[in-house]
Every structure is written in structure tokens, then in C-alpha cells.
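Trainee: I am new to this structure and should be grateful for a close look at a single part of it. Would you please take me through the nonpolar core and its surroundings?

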Amino acid sequence: MTDNNTETPASTDTAPDWLIPSRVYDVLKWLGLIVLPALAVFVGTVGPAWDWPHVDATVTTLNALGILAGTLIGVSAIKQRLAA
């Protein structure tokens with residue numbers, strides 16, 4: 001058996017230049033710009049026709065999540081530009 005020392009140090013003094021990883025950024029961007037707004041419109045349109053309960057609260061929550069995702073990707077993009 002070989003001794004592969006792959007341990008990472010307990011703490012590092014350097015922080016990454018970005019706030020969120022690239023893959024997370026892409027997923028949040030997709031959710032914030034496409035999925036959540038489309039889902040909010042769908043629920044707001046179809047919900048009352050099917051007598052779904054709490055449609056207004058659901059639409060508000062979906063829109064708030066979209067704004068949160070947009071804010072996170074915006075902060076990350078600004079942070080990345082400043083670091084470059």
C-alpha cells in the first residue's frame with residue numbers, strides 16, 4: 001500500500017476571488033432569470049382557475065426567491081469583476 005497524503009490544511013489564509021462557484025452561479029442564474037419568474041406567472045394564472053389555496057402568497061414567495069437568486073448572482077459577478 002502506498003501512503004497518499006491528500007489531507008488539506010485545517011485553515012487557509014487565502015479566500016477565493018468569487019463568492020459562489022461557477023456551477024452554482026449558472027444554476028442560480030437559470031433559476032432566477034427563467035424558472036422562478038415563469039413558475040410565478042404560471043401559478044398566478046392557473047392557480048385561481050383551479051382554486052388553489054394561497055395563490056397570492058405562493059406567487060409572492062416565488063418572485064422573492066427569484067430576486068434573491070438574482071441578487072446572489074449579481075453580487076458574485078461584481079465581486080469577480082473587482083477581483084480581476
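Mentor: In this predicted model, the largest nonpolar core is made up of six residues, namely Leu36, Ala40, Val43, Val55, Val59 and Leu62. Two elements, helix H1 (22-49) and helix H2 (55-83), each give two or more residues to this core. As a general background, nonpolar side chains in soluble globular proteins tend to be buried together.

Valine 43 offers a useful point from which to view the surroundings. When its neighbours within four places in sequence are left aside, valine 43 is in contact with Val55, Val59 and Leu62, and also with Pro48, Trp52 and Thr58.

The core residues Val55, Val59 and Leu62 also belong to the list of buried residues of H2, which continues with Gly66, Ala69, Ile73, Ser76 and Ala77. An α-helix has 3.6 residues a turn, so residues three or four places apart point the same way. H1 is included in what covers the buried residues of H2. The length of H2 can be checked as well: its 29 residues, at 1.5 Å a residue, should span 42 Å, and this agrees with the 42 Å between its end C-alpha atoms.

The setting of this core is a protein chain with two helices and zero strands. Of its 84 residues, 18% count as buried. Among the contacts in the chain with a separation of 6 or more, 54% are between residues 24 or more positions apart. The accessible surface of the protein chain is about 6900 Å², and carbon and sulfur atoms account for 63% of that surface.

Terms used:
Residues numbered from 1 in each chain as written. Predicted model: local features only at pLDDT ≥ 70, side-chain atom pairs only at ≥ 80, totals over all residues. Heavy atoms only, no water. Core = buried A, V, L, I, M, F, W, Y, C linked by side-chain atoms within 4.5 Å. Buried < 20%, exposed > 50% of the residue type's maximum accessible area, 1.4 Å probe, protein only. Helix = DSSP H or I, 4+ residues; strand = E, 2+ residues; numbered from the N terminus. Contact = heavy atoms within 4.5 Å. Expected span 1.5 Å × (residues − 1). Areas by Shrake-Rupley, 256 points an atom, 1.4 Å probe, with all protein chains shown as cover.
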